[in-house]
Amino acid sequence: MSKPNPFEVAQQQLESCAKILNLEPGVHDFLRHPMREFHVSIPVHMDDGSIRIFQGYRVQYNDALGPCKGGIRFHPEETIDTIRALAAWMTWKTSLLGLPLGGGKGGVICNPKELSGGELERLSRGYMSQIWQWVGPGKDVPAPDVYTTPQIMAWMMDEYSKLSGENAFGCITGKPICVGGSCGRDDATARGGMYTLREASKVLGMNLKNATVAIQGFGNAGSHAARLGRDLFACKIVAVSDSQGGIYSDQGLDVNSLFSVKAKTGTVINYPNGRKISNEELLELNVDILIVSALENVITEENADRIKAKIILELANGPTTPKADEILFKNGVHVIPDFLCNAGGVTVSYFEMVQNITRFCWSIEEVYQRLDERMTQAYRSVLEASKNYGIDMRQAAYTVAVARVVEAMKLRGWV
Ligand code: NAD
């Protein structure tokens with residue numbers, strides 16, 4: 001079965017919300033599409049002397065609540081529709097968290113694994129030099145996402161600074177700490193998700209100590225989730241996976257060993273004391289908590305009925321299709337939807353912007369405390385809307401987030 005188009009998924013999700021909120025057709029129509037998008041061609045001098053042209057995008061979905069905010073992906077299968085969907089989800093995410101920001105997203109079609117360090121730097125600078133006039137602290141502030149790193153953010157910040165003629169640390173976030181990064185950014189996405197898990201466990205009366213956890217994806221988001229699940233709540237991590245497959249042990253996996261096996265061999269499947277499983281099997285394990293932290297559209301109408309977890313944490317963007325959502329809701333699975341669950345990253349990115357603008361550095365404790373407050377408050381507002389309207393957590397998150405964007409558009413006189 002072919003995977004659904006993520007932008008169509010995002011539009012379908014908005015449609016259900018528009019019905020609940022009884023949005024006027026014109027307002028709904030405006031929110032169905034990005035306000036602006038930039039398509040750029042980036043010429044890069046390759047190490048072999050040839051010139052290669054890369055295609056890049058930046059989508060500014062909606063900036064009614066403030067400057068756009070959202071990551072940049074470097075991926076060989078990047079598509080404009082994936083970026084549109086991600087930019088829409090960023091709009092709802094910043095709104096839901098009560099941040100004074102809109103939503104955007106960018107991407108370049110490339111395979112960073114095939115580029116040398118010099119080629120990657122020239123591509124990163126080339127992308128920024130093509131879009132710099134439309135981004136910056138008051139307009140749109142990019143950040144890292146799939147296959148982009150703090151080093152790439154540093155190159156892009158430097159390029160923007162050279163072009164604008166000032167040290168513009170606040171033009172991009174996710175930078176290394178010594179060039180304007182924030183403490184706590186590296187594990188912020190997973191940590192934010194863990195704060196929502198703690199709140200959900202109170203609602204469901206689940207004891208997190210020794211609760212069993214399966215994690216799809218062992219990259220930035222998933223690997224920190226494994227470590228924090230163990231350190232903050234003493235959860236038992238029984239399964240993890242990456243693009244090569246998964247590993248399972250009902251005795252629990254040793255998280256430190258997973259990190260060293262991944263570092264030494266490039267994949268978690270070489271973990272010695274476990275059974276190899278497929279990514280599909282991992283999703284259907286009999287566990288208390290399922291964390292999806294890899295790709296879009298992995299929970300579909302095909303497998304949703306077989307999911308046994310009581311709580312799903314969506315650290316990945318768009319992992320669940322709308323039809324799967326209906327099945328999970330019917331089966332009583334408590335889904336913490338992506339733009340709530342993974343909002344810790346953008347929240348600490350926002351803290352980074354605030355520190356850059358005020359030229360002040362916060363302690364790690366201050367970052368954690370402020371993050372906890374924002375995530376807890378957002379989770380509670382979604383839960384309340386879910387109970388009030390009798391709808392699932394994703395629809396509830398949409399109603400809270402979209403209502404705020406609509407209010408801002410009305411107050412600004414746009415609609
Ligand atoms: P990453 O590149 O660090 O890790 C991705 C992981 O997914 C890797 O372990 C990779 O091996 C695995 N993977 C790739 N293809 C797979 C497949 N077919 N099956 C199973 N696993 C596969 O990326 P990340 O930063 O951890 O992001 C993961 C997801 O979380 C993405 O959807 C991203 O948009 C979302 N997200 C990340 C952040 C963040 O701060 N890192 C913030 C918000 C949302």
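Where is A214 found? Hi everyone, let's start there. A214 is found in strand β6. Before going further, please keep in mind that this is a predicted model.

So, what surrounds A214? Its relative accessible area is 0%, and A214 therefore counts as buried, since the cut-off for that class is under 20%. Leaving out residues up to four places away in sequence, A214 touches A239, L282, L285, V287, I289, L290 and I291. One of these, L290, is also the bridge partner of A214 in β10. For a longer view, take I152, which is 62 residues from A214 along the chain: the two C-alpha atoms are separated by 31 Å.

Let's widen the picture to the strands. β6 covers residues 212–216 and β10 covers residues 289–292; the two run parallel and are joined by 4 bridges. As a reminder, strands of a sheet pair through backbone hydrogen bonds, either parallel or antiparallel. Both β6 and β10 belong to an open sheet of 7 strands, in the order β9-β8-β7-β6-β10-β11-β12, and the pairing is mixed. At the edges you find β9 (275–277) and β12 (334–336), each of which pairs on one side only. On average, neighbouring strands here are turned by 20 degrees against each other, ignoring direction.

Now for the other sheet I'd like to show you. This open sheet has 5 strands, ordered β1-β2-β4-β3-β5, again with mixed pairing. Which strands stand at its edges? They are β1 (36–45) and β5 (140–144); each has a single partner strand, so one side of each is left without a neighbour in the sheet. The average turn between neighbouring strands of this sheet is 20 degrees, direction ignored. The partner of β5 is β3 (residues 68–75): these two run parallel, with 5 bridges between them. If you want a spot to click on, C68 stands opposite D140 in β5. Packed on this sheet is helix α4 (residues 117–131), which touches β1, β2 (51–62), β3 and β4. The direction of α4 makes about 140 degrees with that of β1.

Staying with the 5-stranded sheet, let me point out a lysine. K105 lies in strand β4, residues 103–109. Is K105 buried or exposed? With 3% relative accessibility, K105 counts as buried, because the limit is under 20%. What does the side chain of K105 make a polar contact with? The partner is the side chain of D145, at 2.6 Å. Apart from neighbours within four places in sequence, K105 is in contact with a dozen or so names you can pick out on screen, including Y57, R58, G70, R73, M90, D145 and N317.

Two of those residues bring us to the ligand. N317 is among the closest of the 20 residues that surround the ligand, together with T189, F218, N220 and A221. D145 has a polar side-chain atom 3.4 Å from an oxygen atom of the ligand. The backbone takes part in the picture as well: a backbone N or O atom of A294 lies 3.3 Å from a ligand oxygen atom, and a polar backbone atom of L315 is 3.3 Å from an oxygen atom of the ligand. How much of the ligand does the protein bury? Taken alone, the ligand exposes 820 Å², and the protein buries 82% of that.

That's the tour, friends. Thanks for listening!

How values were computed: Residues are numbered from 1 along each chain as its sequence is written. This is a predicted model: local features need pLDDT of at least 70, side-chain atom pairs count only at pLDDT 80 or more; totals for chains, interfaces and linings use all residues. Side-chain values use heavy atoms; hydrogens and water are left out. Two strands pair if DSSP finds at least two bridges between them. Axes are lines fitted to C-alpha atoms, for helices over the stretch in contact, and angles run from 0 to 180 degrees between N-to-C directions. Buried means under 20% relative accessible area, exposed over 50%, partly exposed in between (1.4 Å probe, protein chains only). A polar contact is a pair of N or O atoms within 3.5 Å; within protein, one must be able to donate a hydrogen and the other to accept it, and residues adjacent in sequence count only if both atoms are side-chain atoms. Contact means heavy atoms within 4.5 Å. A residue is near a molecule or strand if one of its heavy atoms lies within 4 Å of it. Accessible areas come from the Shrake-Rupley method with a 1.4 Å probe; for residues, only the protein chains shown count as cover.
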